[in-house]
Amino acid sequence: MVINFQLVNKIITALKSLKKYYLYIILWTLLVSTLMYLLFPSGISIELYSFLIIIYLTGLFYFFGKMRRNELDEIQSIISSIRLNKIKSKDSIKLNRNLKILEDEIYAMYVKMQDDINYLKKLEKMRTQFLANVSHELRTPIFKVQGYIETLLDGAINDEKVNLNFLNKAKNSTIYLGNLLNDLIDISMIESGEMKMSFRYFNLNEYILSIINHFKDTTVKRKIDIVYNPCREDLKVYGDKERLNVVFSNLIQNAIKYTDVGQIELIVEEFDNGVNITIKDTGIGISSIDLNRIFERFYRTELARSRLVSGTGLGLAIVKHIVEAHNSKIIVNSRVGEGSEFSFTLRK
């Protein structure tokens, strides 16, 4: 015979919760029995006995009903206090011993509600900050383009010394604006879950070499070397090539921006179930104060501001989301003046 231990535990718990009722039954029975013995020591008739039994049961039901009403009033009071936001601490949720299981459930419900409310408040704050940041980031290039065009229309279009210069500046501002809008669309789709990922196996060595080749002209111009020791030729990893291209491109672009002298190194370390990929530079590095915030949307470090480095401020936030969509986590190690390294893993 198979014993249903879960059912047995429920029965034991239910019986334990009735301990208070057992006590009342015993006390009421003793009281009625004692009265009957004292009032009718020589015995009673069946009619009187039946009447006393009715009185006994009526009293028993009355006590049970009263206790149940008190418990229901207690539960109603707690729930009403939660609804009216009168309970300021979860420790204020107290019911009598009979209702311990229900108290635990109400306690858990209250904690969950508070967590949800705090999360919604945090989202609202983030939304407000995000809208303010977007407005600021959009306003700057739009005002620049407007200023360049107005200057050209006011007569500078005929001045060969400034017209092409202003047109190029307006063009650069529109390129920045386009990049910003693309990044906004990407991060919006990622965070709303609308961005579809296409996972498949691909050759990692060929993939990294093609990305490095894309940045060849930029690194030659900046006199920065990209060092990469090719991994195993037939090594394949599992991921979304298109989205990972955004990750590699952002990390390499940042490394180039913040490195004046030295090199950028791509390191692939293979282990049992995957590979660890590190992008390391010898640039200006990131302070410990900024390390915990660099993946926030629109956050720029003080060093970045002082260097007037261009960028939408959304790149690392997008990188973080894409890496996490690959069931990985991006790790950062950096010291000011010594460079930075960003690493993440991929399945193979």
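Okay, let me start with helix α5: its buried residues pack against α4, residues 100-153, and against α11. Before I go on, keep in mind that this is a predicted model.

So which residues of α5 are the buried ones? They are Asn163, Phe166, Ala170, Ser173, Leu177, Leu180, Asp183, Leu184, Ile187 and Ile190. Note that Asp183 is on that list; I'll come back to that residue in a minute.

A quick check on the helix itself. α5 runs over residues 163-192, and at 1.5 Å a residue its 30 residues should span 44 Å. The C-alpha atoms at its two ends sit 43 Å apart, which agrees with that. Just past the helix you get Gly193, with a positive phi of about 80 degrees.

Now, α5 against α11. The two axes come within 10 Å, crossing at roughly 35 degrees, and the crossing is left-handed. Who makes the contact? From α5 it's Asp183, Asp186, Ile187, Ile190 and Glu191, and from α11 it's Ala317, Ile318, His321 and Ile322. So there's Asp183 again, buried and part of this contact. Ile187 and Ile190 are also buried and also touch α11. Sorted by class, this contact has 5 nonpolar, 1 polar and 3 charged residues.

Next, the other partner I want to show for α11, and that's α8. Helix α8 is residues 241-257 and α11 is residues 315-325; they pack at an angle of about 140 degrees, and their axes are 9 Å apart. Antiparallel would need over 145 degrees, so α8 and α11 count as oblique to each other. This crossing is left-handed as well.

On the α8 side, the contact uses Arg243, Leu244, Val246, Val247, Asn250, Leu251 and Asn254. On the α11 side you have Gly315, Leu316, Ile318, Val319, Ile322 and Val323. By class that's 9 nonpolar, 3 polar and 1 charged.

If you have the structure open, click on Ile318 and Ile322. Both of them appear in the contact with α8, and both appear in the contact with α5.

Last bit, zooming out to the whole protein chain. We're looking at 11 helices and 7 strands. Of its 348 residues, 33% count as buried. And how many of the contacts between residues at least 6 apart in sequence join residues at least 24 apart? That comes to 68%.

That's what I have on these helices.

Note on methods:
Residues numbered from 1 in each chain as written. Predicted model: local features only at pLDDT ≥ 70, side-chain atom pairs only at ≥ 80, totals over all residues. Heavy atoms only, no water. Axes fitted to C-alpha atoms, helices over the stretch in contact; angles between N-to-C directions. Helix = DSSP H or I, 4+ residues; strand = E, 2+ residues; numbered from the N terminus. Parallel < 35°, antiparallel > 145°, perpendicular 65-115°, else oblique. Left-handed = near helix turned anticlockwise from the far one by under 90°. Contact = heavy atoms within 4.5 Å. Nonpolar A, V, L, I, M, F, W, Y, C, P; charged D, E, K, R; others polar. Expected span 1.5 Å × (residues − 1). Buried < 20%, exposed > 50% of the residue type's maximum accessible area, 1.4 Å probe, protein only.
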